[in-house]
Amino acid sequence: MEDINDKVTHVLALLGLGLLADFSFPARGFGPRKILALFGFGLLIEAVQYFLPYRDSSLYDLAANAIGLALYACLAPAIAKLPWLRRRRDALRTVRKASV
């Protein structure tokens, strides 16, 4: 089994990227479009690592990425209810609606 710390890092990285993607485009919600884009990003990174002699590509990394995205998808409704994040999301939605 590969180093568990590397897998935890992948989970946390994609969880964080999920949060950033969700709050960057708050009007759309965290749906299949964002999930596929982020998973595709992780897949691209693994594909590039496959061709680099000093890096290793791993299906376990892709699995850890998927777990991070699934974890964020499960936590997103609770995260959205946090007062300081809800104010930020509402402000972003107001700005986006005003600019349209």
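Asp61 is buried, with a relative accessible area of 4%. In this predicted model, Asp61 shares a salt bridge with Lys7, with 2.5 Å from N to O. The structure has three salt bridges, and a nonpolar surface patch is made by Ile4, Val8 and Leu12.

**The network around Lys7**

- Salt bridges link Asp6, Lys7 and Asp61 in a network.
- Side chains of opposite charge can pair when their charged atoms come close.
- Lys7 and Asp6 form a salt bridge in which the closest N and O atoms are 2.7 Å apart.
- Lys7 has a relative accessibility of 7%, so this residue counts as buried, because buried means under 20%.
- Asp6 has a relative accessible area of 29% and is therefore partly exposed, as this value falls between the 20% limit for buried and the 50% limit for exposed.
- The side chain of Lys7 also meets that of Asp61 in a salt bridge, at 2.5 Å from N to O.
- Lys7 belongs to helix α1 (residues 4–24) and Asp61 to helix α3 (residues 59–80), so their pairing ties together parts that are 54 residues apart in sequence.

**The pair Lys34 and Asp22**

- Another salt bridge joins the side chains of Lys34 and Asp22, with a distance of 3.5 Å from N to O.
- Lys34 sits in helix α2 (residues 32–50) and Asp22 in helix α1, 12 residues apart, and the pair links these distant parts of the chain.
- This distance of 3.5 Å fits the cut-off for a salt bridge, which is within 4 Å.
- Lys34 is buried, its relative accessible area being 11%.
- Asp22 is buried as well, with a value of 2%.

**The nonpolar surface patch**

- Ile4, Val8 and Leu12 make a nonpolar patch of about 280 Å² on the surface.
- Leu12, one of these residues, is located in helix α1.
- Leu12 has a relative accessibility of 53% and counts as exposed, because exposed means over 50%.

**Points to take away**

- Which residues does the salt-bridge network link? The network consists of Asp6, Lys7 and Asp61.
- Is Asp22 buried or exposed? Asp22 is buried, at 2% relative accessible area.
- Where is Leu12 placed? Leu12 is in helix α1.

Note on methods: Residues are numbered from 1 along each chain as its sequence is written. This is a predicted model: local features need pLDDT of at least 70, side-chain atom pairs count only at pLDDT 80 or more; totals for chains, interfaces and linings use all residues. Side-chain values use heavy atoms; hydrogens and water are left out. Buried means under 20% relative accessible area, exposed over 50%, partly exposed in between (1.4 Å probe, protein chains only). Helices (H or I, at least four residues) and strands (E, at least two) are DSSP runs, numbered from the N terminus. Patches are made of residues with over 30% relative accessible area and no salt bridge: like charges are joined within 9 Å, nonpolar side chains (Val, Leu, Ile, Met, Phe, Trp, Tyr) within 5 Å. Accessible areas come from the Shrake-Rupley method with a 1.4 Å probe; for residues, only the protein chains shown count as cover.
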